[in-house]
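Student: Could you pick one part of this protein and go through it closely? I would like to know what packs against what.

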Amino acid sequence: MAQRNALGRGLDALFSMDEVRTEGSSSINEIELSKIIVNPNQPRREFDQTALQELADSIAEIGIIQPITLRKLDNEEYQIIAGERRFRASQLAGLTSIPAYIRTADDENVMEMALIENIQREDLNSVEIALAYQHLLEQYGLTQERLSERVGKKRTTIANYLRLLKLPAPVQMGLQNKQIDMGHARALVTLGDPKLQVKIYEEILEHGYSVRKVEEIVKSLSEGETVKSGSRKIAPKRAKLPEEFNMLKQQLSGFFNTKVQLTCSEKGKGKISIPFSNEEELERIIGILDTLKK
């Protein structure tokens, strides 16, 4: 019980002085919640209410163990750099103050620190991370190379996140709501056709496709093939065949005396299909092909 009471008093029970100096321009203080405002550029957008209430219940029972991080503003207010979830839970728990690290940081560093802190804790979903990266690039004119140095991530990793923002809104929402994961999304990005991306996304939700299955579907569609998913057939976006291709298609149809199909994707990949309706017709086509070997 003594330990619980100590934790309930927050950091005052852990430190014998009112203010504890840390390295650089940081310090730990007990800050009134009424003086704290959220960061409008906080990369995190959604808070699970059930999990938030569970944290609030824990805080009400044992208090705040880990301080949040704030920066001092000119008007006696403090802006959250990292720890908005703990701040919101403390409000729900009925606290009037909260232990916090007070940092000196300019606007750019505030966003970076919030992003890095959340990424390290894996608190952000993929879309939130992508939006945060995009904000840093646009707001402060950073290159992807420079951003990778600042946040400690490979440039290719940052590029992969940014590509997610090219997906249609329904797919981004599914990623944010954890209906699909990053692997599904990265496979869908390579299609480049929003309508196809949404179709495949709907198939993932309906059939619970794995990332590997989606990669196979995307590969087939990219090569100009029609894929079957459940009772549906999904056809890739067809490139308009050049006139010489149409002439070749007609010549092949006449040669085999059947309606030959010639398809081509926008990337130039395609296939030639020779349909047959029964075994006799198949034997006839094979016979024609055999004559070509002689």
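Tutor: A helix here is a DSSP run of H or I with at least four residues, and helices are numbered from the N terminus. The model is predicted, and every value below is computed from it. The part to look at is the set of helices around helix 8.

Start with helix 8, which covers residues 169-176. Its buried residues are V171, Q172, G174, L175 and Q176. Buried means under 20% relative accessible area. The list holds glutamines as well as V171 and L175, so a residue is called buried on the strength of its accessible area. What do the buried residues of helix 8 pack against? Their neighbours are helix 5, helix 9 (182-189) and helix 10 (194-207). Just after helix 8 comes K178, with a positive phi of about 65 degrees.

Helix 5, one of those neighbours, spans residues 126-140 and also packs with helix 6, residues 144-151. The axes of helix 5 and helix 6 are 10 Å apart, and the angle between them is about 120 degrees. How should that angle be described? Angles of 65 to 115 degrees count as roughly perpendicular, and those over 145 as roughly antiparallel. An angle of about 120 degrees falls in neither range, and therefore helix 5 and helix 6 are oblique to each other. The crossing of helix 5 with helix 6 is right-handed. On the side of helix 5, the contact is made by Y133, L136 and L137, and on the side of helix 6 by Q144, L147 and V151. Five of these contact residues are nonpolar, one is polar and none is charged. A general point about helices helps in reading such lists. An α-helix has 3.6 residues a turn, so residues three or four places apart point the same way. With that in mind, look again at Y133, L136 and L137 in helix 5, and at Q144, L147 and V151 in helix 6.

Helix 7, residues 155-163, belongs to this picture too. Its buried residues are I158, A159, N160, Y161 and L162. The cover over them includes helix 5, helix 6 and helix 9. Helix 5 and helix 9 thus come up twice: they help to cover the buried residues of helix 7, and they pack against those of helix 8.

Now go further along the chain. H184 and R212 are 28 residues apart in sequence, and their C-alpha atoms are separated by 8.4 Å. R212 lies in helix 11, residues 211-222. R212 counts as exposed because its relative accessibility is 61%, and exposed means over 50%. S220 is also placed in helix 11. With 18% relative accessibility, S220 counts as buried. Which residues does S220 touch, leaving aside its neighbours within four places in sequence? They are E225 and V227.

To sum up, helix 8 buries five named residues, V171, Q172, G174, L175 and Q176, against helix 5, helix 9 and helix 10. Helix 5 in turn meets helix 6 at about 120 degrees, while helix 5, helix 6 and helix 9 are among the elements that cover the buried residues of helix 7.

How values were computed. Residues numbered from 1 in each chain as written. Predicted model: local features only at pLDDT ≥ 70, side-chain atom pairs only at ≥ 80, totals over all residues. Heavy atoms only, no water. Axes fitted to C-alpha atoms, helices over the stretch in contact; angles between N-to-C directions. Helix = DSSP H or I, 4+ residues; strand = E, 2+ residues; numbered from the N terminus. Parallel < 35°, antiparallel > 145°, perpendicular 65-115°, else oblique. Left-handed = near helix turned anticlockwise from the far one by under 90°. Contact = heavy atoms within 4.5 Å. Nonpolar A, V, L, I, M, F, W, Y, C, P; charged D, E, K, R; others polar. Buried < 20%, exposed > 50% of the residue type's maximum accessible area, 1.4 Å probe, protein only.
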